[in-house]
Amino acid sequence: MEPQKQARTPGDPVVWPRGPSRSQTPDDEERSEGDTAPAATSLGAEADDACADALWELPVEPAERRPECSRCSRPQKVCLCPFLPLHPLHISTHLYIIQHPAEESKVLRTVPLLAACLPQDKCKVKIGRRFSEERDPELSTVCRKSDTLILYPGAEAANLEEFILDSPIYPSTIIIIDGTWSQAKDIFYKNSLFRLPKQVQLKTSFSSQYVIRMQPTNRCLSTLECAAAALSILEKNNYIQETLLRPLQALCSFQLQHGAQIRLSKEHLLKNGLYPKPMPKNKRKLRKMELLMNSVKI
């Protein structure tokens with residue numbers, strides 16, 4: 001049997017084991033304890049790194065995407081094909097969509113709906129930020145033709161309806177940039193090719209029906225709406241606009257029924273004191289806000 005250890009009463013003196021380690025002063029002991037902390041921290045960090053490495057080595061299963069409709073590119077459960085024309089619309093105008101890469105991954109994009117309504121040889125989508133003759137000879141050739149237009153608003157842009165009345169050459173091709181306003185501006189001004197065609201814009205009081213995404217102003221339209229208005233003018237057929245807007249209206253209606261909310265334009269929110277964010281400190285952005293607030297009220 002092991003001898004029982006004698007219990008120490010509170011009055012007994014503490015006897016420290018002899019040895020060189022006990023020749024330290026209290027200050028030395030504090031320094032000694034402090035010296036052991038980095039080592040413990042280092043061991044903990046190494047353990048954390050080892051755990052992280054082990055996690056990185058675990059197999060990652062790719063996220064399964066819902067099956068998509070091959071025509072409208074929507075998930076099959078919310079397919080919008082019943083709202084598309086039975087056959088692609090017959091048009092003579094060629095439409096080129098210049099799409100910013102960021103738009104390709106957005107769920108509620110309108111370009112697939114637009115392309116599904118038009119013949120494949122009449123609607124082409126080109127994705128990218130920078131275009132040149134070397135990178136895209138086809139687009140370069142299109143931009144250099146005298147019967148090509150580009151739809152982009154600005155001081156130098158002509159009213160599309162007025163332009164086709166006075167133009168000696170009737171337009172056969174129109175280019176539209178797909179992206180946010182800042183993305184479209186970047187594409188337009190940093191690609192010299194897009195300043196070769198005649199620049200036109202839409203002069204209309206038509207308000208956007210794409211109510212589930214916020215627009216800068218009440219008069220800003222989605223890419224699909226711009227294409228619908230431009231093609232109806234060029235083809236002189238209002239039925240085209242009605243047909244192209246039908247799937248967009250169905251998309252918005254479905255989203256609103258399932259929790260989405262109507263997004264008022266930034267212009268409307270600013271004018272009515274409803275804008276939820278503080279005014280920007282950046283002078284350029286603040287100036288843009290002021291222009292929206294002082295624009296003509298509808």
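1. L224 lies in helix α6 of this predicted model. With a relative accessible area of 0%, L224 is buried, because the cut-off for that class is under 20%. Setting aside neighbours within four places in sequence, L224 makes contact with T110, L113, L114, L244, L245 and L248. A further spatial relation involves P112: the C-alpha atoms of L224 and P112 are 9.1 Å apart, although 112 residues separate the two in sequence.

2. L114 is one of the contact partners of L224 and deserves its own entry. Beyond residues up to four places away in sequence, L114 touches L95, I97, L224, A227 and L244. L244 therefore appears in the contact lists of both L114 and L224, under the cut-off of heavy atoms within 4.5 Å.

3. These contacts may be read against the largest nonpolar core, which has 41 residues. Inside this core, the residues with the most contacts are L95, L114, L118, L160 and L244. Two or more residues each are given to the core by β1 (94-99), α2 (111-117), β3 (148-151), α4 (160-166), β5 (173-178), α6 (223-235) and α7 (238-257). Helix α6 supplies eight residues, the largest share of this core. A second core, separate from it, has 15 residues, including C143, I175, I177 and I187.

4. The sheet is the next item. Six strands make up an open sheet with parallel pairing, in the order β2-β1-β5-β3-β6-β4. Its edge strands are β2 (123-127) and β4 (158-159), each of which pairs on one side only. Between β1 and β2, which run parallel, there are five bridges. Within this part of the sheet, I97 stands opposite V125 in β2; I97 is also among the residues touched by L114.

5. C72 belongs to the loop between α1 (26-57) and β1. Is C72 buried or exposed? C72 counts as buried, since its relative accessibility is 1% and the cut-off is under 20%. Not counting residues up to four places away in sequence, C72 touches C79, L80, C81, L84, P112, L113 and A116. The C-alpha atoms of C72 and V111 are separated by 9.5 Å, with these positions 39 residues apart along the chain. L113 is thus a contact of C72 as well as of L224, with contact meaning heavy atoms within 4.5 Å.

6. On the surface, L256, I262 and L264 make a nonpolar patch of about 250 Å². I262 is located in the loop between α7 and α8 (266-271). Its relative accessibility of 54% is the reason I262 counts as exposed, because that class requires over 50%.

7. Values for the chain as a whole complete the note. The chain contains nine helices and six strands. It has 298 residues, of which 36% count as buried. The exposed area of the chain is about 19900 Å², and carbon and sulfur atoms supply 53% of that area. Considering contacts between residues at least 6 apart in sequence, 73% join residues at least 24 apart.

Notes: Residues numbered from 1 in each chain as written. Predicted model: local features only at pLDDT ≥ 70, side-chain atom pairs only at ≥ 80, totals over all residues. Heavy atoms only, no water. Core = buried A, V, L, I, M, F, W, Y, C linked by side-chain atoms within 4.5 Å. Buried < 20%, exposed > 50% of the residue type's maximum accessible area, 1.4 Å probe, protein only. Helix = DSSP H or I, 4+ residues; strand = E, 2+ residues; numbered from the N terminus. Patch = residues over 30% accessible without salt bridge, like charges linked within 9 Å, V, L, I, M, F, W, Y side chains within 5 Å. Areas by Shrake-Rupley, 256 points an atom, 1.4 Å probe, with all protein chains shown as cover. Salt bridge = Lys/Arg side-chain N within 4 Å of Asp/Glu carboxyl O. Pairing = 2+ DSSP bridges.
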